[in-house]
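Hi everyone, thanks for coming. Please have the viewer open so you can follow along while I talk.

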Amino acid sequence: GKKQRLTAYRAFVLLTARGVDVGYSIVKKLVVEERRRTAEVFVPLTWHKGEAALVDFFEVLIDVEEPLGARVESTIETDGVTLYRVRAALFLMRLPASGIDVLSLYPRQDQVCFLDGHMRAFRQLGGVPSRIGYDNLKPAVKKLVGNGRQLQQRFVALANHYRFEPVFARPYTGHDKGAVEARGKGFRGQYLTPIPRGRTLLDVAADLVLDLDEHQQDEVRHLQPLPAVDFDARRHVVASVSSRSVLQVDGVTCSVPEHLARTDVDVFAGPFAFDVVGRDGTSVTHLRAAFGSKRIDYRHYLKTLSEKPQAVRQVASTLVAQLGEPFSSTWRSLLDEHDPIDAARVFCRVLRRVH
């Protein structure tokens, strides 16, 4: 096996233990020659414009103001701004014929991010390569079956939508698509050191978009045309809204307008946000957050809050911040003129006018 291979010295020890009269230098030369004779020979490949691309994921560190569900490694305070150092996923598509690199940054390496990375890469290129090479990563390959592969349904849908042929490296080999693997490592050192900063991963990725030279633009002209519409990489699930008008999506508790309480809704989970659509067409978007977090928007509860002064008093600081002006100044004025519960009663009458 890879981690329990016979070394030249160990072979020498075993041979002498059996009474074989041989020197270590001879054994070493024989082992070196045997390894050279049986080593794999690599074929120098020729790449044609518009024909092929290679794709891989790489783990990187990025400093952002909004993690959007990415794993936080540490927190940094700089110039009065809190930055989160997150462990992100770099999606890299490389066209080896001309050296074009197209990338995106994501909070994780799941299938939604994998599919979204393709959509954004094709949109940036303005076309689609005929063939794309991968290793046997889980978002694309469900399982190995003999010498073949059973592909994930959503990945097959992506390949059919953009009309490209997916090809895969041999299992357990790390060099079948060395062009993109070497580029990913070099990219970290060239563009991600020192660690870049931005508001979100999308903002950092936008700053890393590379300009294409004339040779690279010529390859783009050889790509297949884009379909009329982009592929929707979001994952669709049906979720139940509780009596509190909240639901859970990937471990995040989020609110929806109160008239959707106790109904089933469609959830479309994307890399950075998820959209909730009610059966009446009402749509709400929530940004992603860490597992166990809450995304509660009290503007979804205005009708109920307008009838519950104690509840208004309890959530007033968050509510008026979400409503903005003139509600923030109105609430402060009411507190100056009334005690808190009377101020809440008056504010309830204000909410009845606006819900």
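I'll walk through some strands, then a loop residue, and finish with a helix. Please keep in mind that this is a predicted model.

Let's begin with strand β1, which covers residues 52-64. Is β1 mostly covered, or mostly open? It is mostly covered, as 11 of its 13 residues are buried. A quick reminder on pairing in general: strands of a sheet pair through backbone hydrogen bonds, and they do so either parallel or antiparallel.

So which strands pair with β1? Strand β3, residues 81-95, is joined to β1 by 11 bridges, and the two are antiparallel. If you want a landmark there, find Phe58, whose bridge partner in β3 is Leu90. Next comes strand β5, residues 131-134, which runs parallel to β1 with 3 bridges between them. Look for Ala52 here, with Arg131 of β5 opposite. Strand β9, residues 197-198, is also parallel to β1, and 2 bridges connect the pair. The landmark for β9 is Arg197, which faces Asp63.

While we are around β3, please look at Ser98. You'll find Ser98 in the loop that links β3 to β4, where β4 is residues 100-106. Is Ser98 buried or exposed? The relative accessible area of Ser98 is 11%, and buried means under 20%, so Ser98 counts as buried. And what does Ser98 touch, if we leave out residues up to four places away in sequence? The answer is His215, Gln216 and Glu219.

Now let's move along the chain to a pair of hairpins. Strand β13, residues 264-269, and strand β14, residues 273-277, are antiparallel and share 4 bridges. How many residues lie between β13 and β14 in their hairpin? There are 3. To see the pairing up close, pick Phe268, which has Asp275 of β14 opposite.

β14 also takes part in another hairpin, this time with β15, and 5 residues lie between those two strands. In that turn, have a look at Gly281, which has a positive phi of about 95 degrees. β15 is residues 283-287, and it pairs with β14 in the antiparallel sense through 5 bridges. A good place to check this is Phe274, with His286 of β15 standing opposite.

There is a small stop to make at an open sheet of 3 strands, in the order β11-β12-β16, where the pairing is mixed. β11 (246-249) and β16 (294-295) are at the edges, and each has a single partner strand, so one side of each has no neighbour in the sheet. β12, residues 252-255, runs parallel to β16, with 2 bridges joining them. Within that pairing, Thr253 has Lys294 of β16 as its bridge partner.

Last, helix α10, residues 327-337. Which residues of α10 are buried? They are Phe327, Ser328, Trp331 and Leu334. These residues span an arc of only 125 degrees around the axis, so they sit on the same side of α10. Turn to the face pointing away from that buried side, and you meet the exposed residues Asp336 and Glu337. As for what covers the buried residues of α10, that includes α9 (309-323) and α11 (340-354).

That's the tour. Thanks for listening, and I'm happy to take questions.

Key. Residues are numbered from 1 along each chain as its sequence is written. This is a predicted model: local features need pLDDT of at least 70, side-chain atom pairs count only at pLDDT 80 or more; totals for chains, interfaces and linings use all residues. Side-chain values use heavy atoms; hydrogens and water are left out. Buried means under 20% relative accessible area, exposed over 50%, partly exposed in between (1.4 Å probe, protein chains only). Two strands pair if DSSP finds at least two bridges between them. Contact means heavy atoms within 4.5 Å. The arc is that of the directions from the helix axis to the C-beta atoms.
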